[in-house]
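Biologist: Before I plan any bench work, could we go through this model together, one question at a time?

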Protein chains: 2
Amino acid sequence: MLFNHRFDEFAAQAGRWEQAYGSVVSYRIEGPSRAAQKGAVAALVRSTGSTGSRLPHTGVTEYAEGARKIPAAAVTAEDADLISDLVSRGEVAIHLVLTPMNLPSEASHNVIADLRGSEFPEQIVIVSGHLDSWDLGTGALDDASGVGVAMDVLRIIKAVNPKPKRTIRFAAWMDEEYGGEGGRAYAEEHRTDLINHIAAVEIDYGDGRPLGLSVCASDDRIAPLSRILHAIADPVGGLVNVSDSPGVDLTAMNKAGVPAISPLQDARKYFSYHHTAADTFDKVRASELRQILQLIAPLVYALAQHED
Amino acid sequence: MLFNHRFDEFAAQAGRWEQAYGSVVSYRIEGPSRAAQKGAVAALVRSTGSTGSRLPHTGVTEYAEGARKIPAAAVTAEDADLISDLVSRGEVAIHLVLTPMNLPSEASHNVIADLRGSEFPEQIVIVSGHLDSWDLGTGALDDASGVGVAMDVLRIIKAVNPKPKRTIRFAAWMDEEYGGEGGRAYAEEHRTDLINHIAAVEIDYGDGRPLGLSVCASDDRIAPLSRILHAIADPVGGLVNVSDSPGVDLTAMNKAGVPAISPLQDARKYFSYHHTAADTFDKVRASELRQILQLIAPLVYALAQHED
């Protein structure tokens with residue numbers, strides 16, 4: 001079975017790349033099991049993203065309980081189009097040589113650093129990225145960029161004011177890509193004091209130009225932050241989107257009530273490179289990372305200092 | 001030995017992409033033998049072109065007589081930069097697994113079609129592309145695009161005037177990529193009537209926007225064509241470059257005196273994709289091919305009709 005969905009058709013609306021990606025990535029995640037339930041012997045999935053560089057986009061695939069675990073593979077956009085065209089002309093036989101391996105789990109760690117609060121040290125604002133990356137590339141955009149910006153937020157705030165009111169916690173999450181164990185472990189370990197987490201910020205769209213902020217929280221948790229969010233988003237375009245997706249790392253925390261905030265970025269470049277062999281250091285523009293930093297550092301500082 | 005030359009540094013001058021490519025591709029062609037002569041055990045060559053999609057650019061490599069045939073491989077621009085950086089910090093060991101094969105030669109053919117001249121049928125204007133392509137991609141830009149335009153030139157001229165004065169000969173050359181046997185065989189077979197070849201045109205820069213014409217010939221052969229070349233080039237920018245490179249297919253004919261003419265194209269896209277896995281059909285823009293056609297069809301027709 002060939003899933004030849006098209007990211008570009010979903011991504012027309014500025015600021016809705018995350019939803020566009022969500023719409024098409026489900027083919028990669030759930031497609032093989034759905035196909036198996038319909039009798040398919042294998043599933044080929046068009047690479048998710050907008051690249052035209054014949055790069056396969058890979059990523060996690062989940063086998064549904066009870067479904068046959070049929071072989072599944074990513075094909076490039078170019079090859080998906082070619083196969084589709086051939087299928088429209090008659091029967092197509094494909095010989096697959098796939099060599100994936102599931103290695104046993106190993107212990108790994110979130111990396112966490114605190115700039116301790118002077119007035120309400122027990123109240124916490126998280127700023128984060130994720131430490132792991134999908135293979136093929138080196139994860140420069142997904143998500144070394146986010147980790148770098150998050151680290152720099154603390155450096156800058158410390159230079160401006162080494163004693164913020166609340167604790168600012170840098171986190172580099174482990175295992176965003178393969179299921180989110182790092183974020184879940186954190187939420188589990190801190191379940192009694194999540195109530196003291198003001199918000200958790202994560203940066204995970206590479207160096208895409210910021211257009212505003214995206215926030216995932218219940219209305220009553222957004223209300224007290226609203227003034228800050230709009231003031232901070234204003235200089236970069238003013239968009240403040242309410243999202244129903246907190247991102248993998250912040251899902252468990254968010255379910256427990258912690259508002260999840262991320263920069264709303266132009267993610268076209270990110271979705272062309274992430275999870276491909278071309279996600280390498282040369283792609284990252286420092287000038288664009290600085291724009292994200294100029295948005296997120298004031299946000300985190302405002303959340304750490306506000307009076308409400 | 002790592003050859004980390006940079007196409008972009010050579011390509012700054014518009015209209016000099018061919019020379020830029022020539023400057024860097026010599027590392028791929030001759031580098032391994034030069035390296036062997038200096039005691040290298042293997043040669044890695046930065047991919048020629050300006051792409052940033054972690055695509056290796058491959059192509060013919062020649063072993064010099066007497067030089068040890070050491071292993072040689074293409075590395076992507078990204079990996080060449082990484083290796084260079086590591087080398088600057090200390091010793092780097094690389095484990096190569098290379099599986100190239102040289103298969104025995106097979107008979108193959110140029111494809112030739114004539115629109116026979118009504119007045120001077122023995123006088124010939126060639127319009128051509130090459131039929132073979134390097135592997136990895138499917139050769140849509142290099143050089144199905146050129147073959148397609150050359151075919152269409154005859155279709156259009158036939159529609160306008162089915163009886164041009166001179167013979168217009170379409171040629172799709174075989175073996176441009178691996179040494180130029182097709183062009184050589186043609187020149188050898190036609191050696192007694194090359195004197196009747198007015199000019200040979202080849203299109204081989206993909207769908208890059210035309211900026212003028214490039215001509216390789218002795219001054220006395222250019223002079224009678226000069227008025228035509230300038231008049232035809234005028235609407236697309238007017239550049240008429242005199243080049244010392246006739247291109248692989250036309251080399252033997254050109255040595256025997258036949259002027260070699262090609263469209264001068266913006267070749268940035270071409271050099272990013274050709275000889276990579278991404279040289280596929282989807283890259284070709286019909287609108288751009290039409291611009292090349294609008295330059296070359298009048299050129300060929302003018303050469304077939306002129307009075308001099």
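Modeller: Let us settle a term before starting: a residue is called buried if 20 or more other C-beta atoms lie within 10 Å of its own. Please also keep in mind that this is a predicted model.

Biologist: Which residue of α2(A) is both buried and the proline that follows a kink?

Modeller: The buried residues of α2(A) include Trp17(A), Tyr21(A), Arg28(A) and Pro32(A). A kink of about 60 degrees lies at Glu30(A), shortly before a proline of that helix, and the proline in question is Pro32(A).

Biologist: What distance separates the end C-alpha atoms of helix α2 of chain A?

Modeller: Helix α2 of chain A covers residues 17-37, which makes 21 residues. At 1.5 Å a residue the helix should span 30 Å, and the computed separation of its end C-alpha atoms agrees, because they are 30 Å apart.

Biologist: How are the two copies related?

Modeller: In general, two copies of a chain are related by a rotation about an axis and a shift along it. Here a rotation of 180 degrees with 0.0 Å of shift along its axis superposes chain B on chain A, with an RMSD of 0.0 Å. The two copies are therefore related as by a two-fold rotation axis.

Biologist: Which residue of chain B has the C-alpha nearest that axis?

Modeller: The C-alpha in chain B that is nearest the axis lies 3.2 Å from it, and it belongs to Ser53(B).

Biologist: How many residues of chain B on the side that touches chain A are charged?

Modeller: Eleven residues of chain B are in contact with eleven residues of chain A. On that side of chain B, three residues are nonpolar and three polar, while the charged ones number five.

Technical notes:
Residues numbered from 1 in each chain as written. Chains lettered and ligands numbered in written order. Predicted model: local features only at pLDDT ≥ 70, side-chain atom pairs only at ≥ 80, totals over all residues. Least-squares fit on C-alpha atoms with pLDDT ≥ 70 in both. Helix = DSSP H or I, 4+ residues; strand = E, 2+ residues; numbered from the N terminus. Expected span 1.5 Å × (residues − 1). Bend = angle between axes of the 7 residues up to and from the residue. Buried ≥ 20, exposed ≤ 12 C-beta atoms within 10 Å, placed from the backbone. Contact = placed C-beta atoms within 7 Å. Nonpolar A, V, L, I, M, F, W, Y, C, P; charged D, E, K, R; others polar.
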